[in-house]
Amino acid sequence: MSSVSAVPDNPSASGSAGMLYGGSSGRRVTVRDIAAAKERHERWPMVTAYDAMTARVFDDAGIPVLLVGDSAAMVVYGYDSTLPVTVDDLLPLTAAVVRGSSRAMVVADLPFGSYQASPQQALETAARFMKESGAHAVKLEGGHRVLPQVEMLVSAGIPVMAHLGLTPQSVNVLGGYRVQGRGQAGDELMADAKALEHAGAFSVVLECVPSDLAERVTASLSIPTIGIGAGPGTDAQVLVWQDLMGLTAHPAKFVKKYFDLAGEMERAVRGFADEVAAGVFPAPEHSYR
Ligand code: KIV
């Protein structure tokens with residue numbers, strides 16, 4: 001099993017699953033570690049996080065990159081798209097994820113309307129995430145439209161993760177959550193990916209694109225690709241944690257459910273309710289004298 005390691009010279013670095021990304025140096029994973037992983041052809045996982053406690057679990061498991069996604073709009077705030085969430089909604093979640101982790105690089109998603117207007121707007125928003133939440137990088141959606149924004153952020157010292165394919169902030173233009181990049185659109189996506197790399201992005205998320213296109217983009221770039229619904233040929237894979245843990249009611253086809261969290265939580269809370277009703281909880285060991 002390969003890993004993104006902050007201490008690539010330390011062969012003894014290994015975690016509970018035999019892959020403690022970032023090794024044992026006690027420092028955060030950086031963009032240099034991510035770049036080195038690509039050179040070594042190592043695959044790595046990214047998951048979303050929105051609070052300190054889950055961030056700590058994922059950090060302890062050795063997940064090298066945590067994304068505070070604008071998916072928070074749906075999985076935290078209960079909206080039916082990512083559009084309504086604001087910078088002020090995401091800043092405290094990002095700060096909590098930074099506080100809850102000590103090894104992972106924390107990437108803050110720039111929400112809809114907070115960067116599209118101009119490079120200046122993107123810089124102001126990204127700077128807020130870096131200063132007020134302690135994020136280590138930002139993510140934004142789009143191809144050629146956002147190249148000036150990417151250039152501005154990178155020149156200001158802010159690492160940028162790009163996002164192509166199904167870009168949920170553009171769901172109304174795309175006409176729904178559907179596979180992108182088929183046919184000629186694949187050539188455009190490839191051109192966008194190369195342009196984003198040229199503009200200085202350190203990685204690019206490829207969402208809901210055909211596997212062969214994702215594989216070709218991955219082979220053509222020197223920065224890592226991070227797939228979600230993009231098949232097995234990308235450098236990294238990302239999932240929303242509520243999807244992979246089985247909390248999401250109707251996950252997309254590309255989701256693999258690794259746990260039945262909804263079922264386990266329901267069983268547990270029913271057990272609590274039954275014991276309260278029966279007067280079994282709290283027992284003496286849960287009570288003070
Ligand atoms: O907001 C998010 O969670 C994302 C990932 C799905 C890539 O953008």
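D70 is buried in this predicted model, with a relative accessible area of 4%. D70 sits in the loop between β2 and α3 (72-75), and it is one of three positions, along with D109 and E141, that UniProt lists under "binding site" in an unreviewed entry. Below is a quick run through that site, then helix α2, then the nonpolar cores.

**The annotated site**

- D70, D109 and E141 are spread over 72 residues of sequence, yet they cluster in space, with a largest C-alpha distance of 10.8 Å.
- D70, D109 and E141 also turn up in the lining of the second largest pocket.
- Leaving aside residues up to four places away in sequence, D70 touches T82, V85, L90, D109, E141 and Q169, so two of its contacts, D109 and E141, are on the UniProt list too.
- E141 is placed in the loop between β4 (137-139) and α6 (147-155).
- E141 is buried as well, at a relative accessible area of 2%.
- With the same sequence neighbours left out, E141 touches D70, Y115, V146, H163, T167, P168, Q169 and S170.
- Q169 appears among the contacts of D70 and among those of E141.

**Helix α2**

- Within α2 (residues 52-60), the buried residues are T54, A55, F58 and D59.
- Looking down the helix axis, those buried residues of α2 fall within an arc of 140°, so they line one face.
- That fits the usual geometry: an α-helix has 3.6 residues a turn, so residues three or four places apart point the same way.
- M53, R56, V57 and D60 are exposed, over on the other side of α2.
- What do the buried residues of α2 pack against? Their partners are β1 (44-48), β2 (65-68), α4 (87-100) and α10 (241-244).
- Where α2 starts, a side-chain oxygen of D51 comes to within 3.0 Å of the backbone nitrogen of M53.
- After α2 comes G62, which has a positive phi, near 90°.

**Nonpolar cores**

- The largest nonpolar core has 58 residues, and L66, F129, L153 and L206 touch the most other members.
- Helix α4 supplies the largest share of this core, six residues.
- Not counting residues up to four places away in sequence, the contacts of L206 are L164, L189, A214, V217, T225, I226, G227, I228, A230 and T234.
- There's also a second, separate core of 18 residues, with V65, L67, A236 and V238 among its members.

Terms used
Residues are numbered from 1 along each chain as its sequence is written. This is a predicted model: local features need pLDDT of at least 70, side-chain atom pairs count only at pLDDT 80 or more; totals for chains, interfaces and linings use all residues. Side-chain values use heavy atoms; hydrogens and water are left out. Buried means under 20% relative accessible area, exposed over 50%, partly exposed in between (1.4 Å probe, protein chains only). Helices (H or I, at least four residues) and strands (E, at least two) are DSSP runs, numbered from the N terminus. The arc is that of the directions from the helix axis to the C-beta atoms. Contact means heavy atoms within 4.5 Å. A polar contact is a pair of N or O atoms within 3.5 Å; within protein, one must be able to donate a hydrogen and the other to accept it, and residues adjacent in sequence count only if both atoms are side-chain atoms. A nonpolar core is a set of buried Ala, Val, Leu, Ile, Met, Phe, Trp, Tyr and Cys residues joined through side-chain atoms within 4.5 Å. UniProt positions are given in the numbering used here, feature names are shortened, and annotations may be inferred rather than shown by experiment. On a 1 Å grid over the protein atoms alone, a cavity is a set of points where a 1.4 Å probe fits but cannot get out, and a pocket is an open set with protein on both sides within 12 Å along at least five of seven lines; lining residues have an atom within 4 Å of a point.
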